[in-house]
Amino acid sequence: MTNEDILRVKGLGCLRDKTTPDCFNIRVITRNGKITAEELDAISMAAKKFGSGEVAFTTRQTVEIQRVKYENIDTLIDFLKEYGLETGGTGPKVRPVVSCKGTTCVFGLIDTFDLSMKIHQRFYKGYRNVKFPHKLKIAVGGCPNNCVKPDLNDIGIVGQLIPTVDTEKCRGCKACAVEKACPIKACKVVDGKIEYDRNACNNCGRCKGKCPFNAFDSYTVGYKIYIGGRWGKQFSRGIALSRIFTSESECLNAIEKAMLLFKDKGIQGERFAQTIDRISFDEAEKLIYSNELLERKDEILSK
Ligand code: SF4
Ligand code: SF4
Ligand code: SF4
């Protein structure tokens with residue numbers, strides 16, 4: 001096994017097991033953090049047939065088949081392909097998407113599994129051959145509880161439910177159900193009227209339907225996008241774009257523009273956070289709001 005061999009299979013998502021002289025852990029992509037029972041069976045069979053019979057779950061929702069000998073790697077990859085599974089997820093590329101279970105979670109405000117699958121298809125697979133200045137991590141969260149920490153990813157999406165409050169309908173109840181339901185105290189009854197703090201509200205939607213007099217009945221689904229987060233050797237919290245996107249297609253286009261921005265303006269070896277720091281968040285946001293990056297997509301990707 002030469003260094004070239006090791007690098008070749010690393011590019012396929014196969015990482016050296018340092019406890020052995022010739023074995024690798026094979027990283028299987030789960031696309032959106034969810035796999036079928038049949039796929040799970042296939043991973044299990046592959047682990048028994050080619051590996052030590054064990055699998056390890058990574059923090060970013062991939063599954064690593066343990067201790068596979070170098071000479072079995074290509075056969076294992078072909079075996080997984082028969083079940084529609086792929087290995088990968090390494091290098092300066094779009095990394096496998098991480099998704100919370102917002103689709104089924106009681107707090108979920110968007111269909112996270114569906115959106116993550118679309119991101120997987122369009123950006124993980126669609127940009128497979130694109131080399132970025134550094135790795136590019138994307139996470140999708142269903143609500144501001146941030147279970148998958150979208151703001152600590154290069155690009156993070158958070159589901160939103162934006163209230164349009166009709167204060168005219170408020171009757172100033174003694175015990176306001178909305179005030180009670182709001183976890184961050186963005187609502188308060190003052191002098192017999194509800195006061196709603198738009199800036200404090202995190203669009204969690206917990207107040208929906210709580211007011212018996214319909215002051216909190218109108219809501220819009222949205223997608224908040226954070227850019228420039230990371231968590232590792234160095235840490236930075238992503239900054240949310242000031243605009244909350246109210247359609248999935250706008251959200252997906254904004255993700256693509258952010259990716260193109262990183263590809264276009266990033267310097268080899270720097271994370272997206274550093275690119276944004278260098279060019280300024282305002283400039284990054286301006287470019288993401290314009291169509292320039294998408295119009296220049298072919299030119300940017302040909303670099
Ligand atoms: S982020 Fe929200 S929707 Fe997603 S799992 Fe956590 S609580 Fe549920
Ligand atoms: S429950 Fe509705 S009507 Fe009553 S105080 Fe709260 S917002 Fe106003
Ligand atoms: S959406 Fe959430 S934060 Fe905003 S007012 Fe309603 S409960 Fe409070």
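Visitor: What puts a residue in the shell around a ligand?

Guide: A residue is near a molecule if its C-beta atom, placed from the backbone, lies within 6 Å of it. Keep in mind that this is a predicted model. By that rule, 13 residues surround ligand 3. The closest are C182, C201, C204, R206 and C207.

Visitor: How does the shell around ligand 3 divide by class?

Guide: It has 9 nonpolar, 3 polar and 1 charged residues. Cysteine counts as nonpolar here.

Visitor: Which residues are around ligand 2?

Guide: Four cysteines to start with: C170, C173, C176 and C211 are among them. R171 and G172 are there too. The others are A177, V178, V189, I194, F213 and A215. By class, the shell around ligand 2 has 10 nonpolar, 1 polar and 1 charged residues.

Visitor: Next, the domains. Where are they assigned in the protein chain?

Guide: The assignment gives domain 1 at 3-81 and domain 3 at 167-216. Domain 2 comes in two segments, 98-159 and 222-301. The centres of domain 1 and domain 2, taken over C-alpha atoms, are 27 Å apart. Their contact takes 6 residues from domain 1 and 6 residues from domain 2.

Visitor: What classes of residue does domain 1 bring to that contact?

Guide: On the side that touches domain 2, domain 1 has 3 polar and 3 charged residues, and no nonpolar ones.

Visitor: Now the sheet. In what order do the strands run?

Guide: Read across it: β5-β6-β7-β10-β13. The sheet is open, with 5 strands and mixed pairing. β5 (98-99) and β13 (239-240) are the edge strands, each pairing on one side only.

Visitor: What packs on the sheet?

Guide: Helix α4, residues 112-125. Helix α4 touches β5, β6 (138-141) and β7. Its direction makes about 160° with that of β6.

Visitor: How many bridges join β7 and β10?

Guide: There are 10, in the antiparallel sense. β7 covers residues 155-164 and β10 covers residues 218-227. For one pair to find on screen, take G159, whose bridge partner in β10 is Y223.

Visitor: One single residue, then. Is G13 buried or exposed?

Guide: Count C-beta neighbours inside 10 Å. The cut-off for buried is 20 or more. G13 has 23, so G13 counts as buried.

Visitor: Where is G13 found, and what does G13 touch?

Guide: G13 is in the loop between α1 (3-11) and β1 (14-16). Leaving out residues up to four places away in sequence, G13 touches I26, R27, T87, G88, G89 and T90. As for S99, 86 residues from G13 along the chain, the C-alpha atoms of the two are separated by 20 Å.

Terms used:
Residues numbered from 1 in each chain as written. Chains lettered and ligands numbered in written order. Predicted model: local features only at pLDDT ≥ 70, side-chain atom pairs only at ≥ 80, totals over all residues. Pairing = 2+ DSSP bridges. Helix = DSSP H or I, 4+ residues; strand = E, 2+ residues; numbered from the N terminus. Contact = placed C-beta atoms within 7 Å. Axes fitted to C-alpha atoms, helices over the stretch in contact; angles between N-to-C directions. Buried ≥ 20, exposed ≤ 12 C-beta atoms within 10 Å, placed from the backbone. Domains from an automatic or database assignment.
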